[in-house]
Amino acid sequence: MREGARRRITARIVETEAYLPEIDSASHAYGRMTARNRSMFLRRGHAYVYLIYGAYYCLNVTSESADVGAAVLVRAAEPLEGIQLMSRRRGTVRLNDLLRGPGRLAAALGIDWRQDGIDLCSPGSALRLATGTVPKSIGKSVRIGLSREVDRVLRFYERGSPFVSGPRKLNR
DNA sequence: AAGAAGATTCGCT
DNA sequence: GCGAATCTTCTTA
């Protein structure tokens, strides 16, 4: 859920990827804490935002206790409320393309560095998590776009959802 | 101080 | 399907 001055955006998360503590060399938190990854070490439920390819922000939710570097990348979501605003930000009216992919999702929600490190579980946060409809069937696959740790099955998605990203082959 | 790589997306063929 | 765009971060190739 994203609440701005104008209006509210609500989206239902349909695809995520996990990045494990300590042993996952594909994780931004691998090795040691740095300027970029420091919010990955916040207690579970906080935002870790990073910029990829100098062009797209990506939103993660931290997933472990304080001082442990781990997070879940939010890769795709189903648009529920605020579709007009998301369409304007994304430059498309195609519902399936508004939130499909981590860069697109962040753009549609207006996410940037101002959200890095915020508490996503606080009722007062302009960006926050809420309970919603649980997927009927959850599929899993390897993670997308990595050059390391390519065999770990840590991507999870709602089976059959048209709002999920990735190649068809991974979405069975 | 400089260079390489990157949890992506878009447009063109 | 493939390559470019674009810039921050980390490493020192």
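Which residues does Gly117 touch, not counting residues up to four places away in sequence? They are Ser39, Leu42, His46 and Ala47. That is one small corner of this predicted model, in which the protein is accompanied by DNA strand B and DNA strand C. Here is a friendly tour, starting with the DNA and then moving through the protein.

**DNA strand B**

- Among the 21 residues around DNA strand B, those that come nearest are His28, Tyr50, Asn60, Gly103 and Arg104.
- Sugar or phosphate accounts for 50% of the atoms of DNA strand B within 4 Å of the protein, and bases account for the rest.
- A base is reached by Tyr50: an N or O atom in its side chain is 3.1 Å from a base nitrogen of DNA strand B.
- The side chain of Tyr56 has an N or O atom 3.3 Å from a sugar or linking oxygen of DNA strand B.
- For Arg75, the partner is a phosphate oxygen of DNA strand B, 3.1 Å from an N or O atom in the side chain.
- Strand 3 (47–52), strand 4 (56–62), strand 5 (71–81) and helix 3 (102–109) are the elements that each give two or more residues to the surface near this DNA strand.
- Helix 3 makes the largest contribution to that surface, with three residues.
- Sorted by class, the surface near DNA strand B holds eleven nonpolar, seven polar and three charged residues.

**DNA strand C**

- The residues surrounding DNA strand C are Arg32, Thr34, Ala35, Arg36, Leu51, Tyr53, Gly54 and Trp113.
- By class, they divide into four nonpolar, two polar and two charged.
- Of the atoms of DNA strand C within 4 Å of the protein, sugar or phosphate supplies 83%, and bases supply the rest.
- Arg32 uses its side chain: an N or O atom there is 2.5 Å from a phosphate oxygen of DNA strand C.
- Arg36 uses its backbone instead, with an N or O atom 3.4 Å from a phosphate oxygen of DNA strand C.
- Tyr53 meets a base, with a polar backbone atom 2.3 Å from a base oxygen of DNA strand C.

**Tyr53 and Asp67: positive phi outside glycine**

- As background, most residues other than glycine have a negative phi.
- Tyr53 has a positive phi, near 55°, and is found in the loop between strand 3 and strand 4.
- With a relative accessible area of 78%, over the 50% cut-off, Tyr53 counts as exposed when the protein chains only are considered.
- Asp67 also has a positive phi, of about 75°, and its place is the loop between strand 4 and strand 5.
- Asp67 is exposed too, at 62% relative accessible area.

**Helix 3 and what follows**

- Six of the eight residues of helix 3 are buried, so the helix is mostly covered.
- Those buried residues are Pro102, Gly103, Leu105, Ala106, Ala108 and Leu109.
- They pack against strand 1 (2–3), strand 2, strand 4, strand 5, helix 1 (83–90) and helix 2 (95–98).
- Gly110 comes after helix 3 and has a positive phi, near 70°.
- Further along, Gly117 sits in the loop between helix 3 and strand 6.
- Gly117 has a relative accessible area of 25%, which makes it partly exposed.
- The C-alpha atoms of Gly117 and Asp24 are 21 Å apart, and the two residues are 93 residues apart along the chain.

**Aromatic rings and arginines**

- There are two aromatic pairs in the structure.
- One of them joins Tyr57 and Trp113: the ring centres are 5.2 Å apart and the planes lie at 90°, so the pair is edge-to-face.
- Tyr57 is in strand 4 and Trp113 in the loop between helix 3 and strand 6 (138–141), so this pair ties together parts 56 residues apart in sequence.
- Tyr57 is partly exposed, at 22% relative accessibility.
- Arg143 lies over the face of Tyr19, 4.5 Å from the ring centre.
- Arg12 belongs to strand 2 (residues 8–19), and its 13% relative accessibility is under the 20% cut-off, so it counts as buried.
- Beyond its neighbours within four places in sequence, Arg12 is in contact with Ala77, Glu78, Leu80, Thr133, Val134, Pro135 and Glu158.

Key. Residues numbered from 1 in each chain as written. Chains lettered and ligands numbered in written order. Predicted model: local features only at pLDDT ≥ 70, side-chain atom pairs only at ≥ 80, totals over all residues. Heavy atoms only, no water. Near = heavy atom within 4 Å. Polar contact = N/O pair within 3.5 Å; in protein donor to acceptor, adjacent residues only side chain to side chain. Helix = DSSP H or I, 4+ residues; strand = E, 2+ residues; numbered from the N terminus. Nonpolar A, V, L, I, M, F, W, Y, C, P; charged D, E, K, R; others polar. Buried < 20%, exposed > 50% of the residue type's maximum accessible area, 1.4 Å probe, protein only. Contact = heavy atoms within 4.5 Å. Phe/Tyr/Trp six-rings, centres within 6.5 Å; stacked < 30°, edge-to-face > 60°. Lys NZ or Arg CZ within 6 Å of the ring centre and 35° of its normal.
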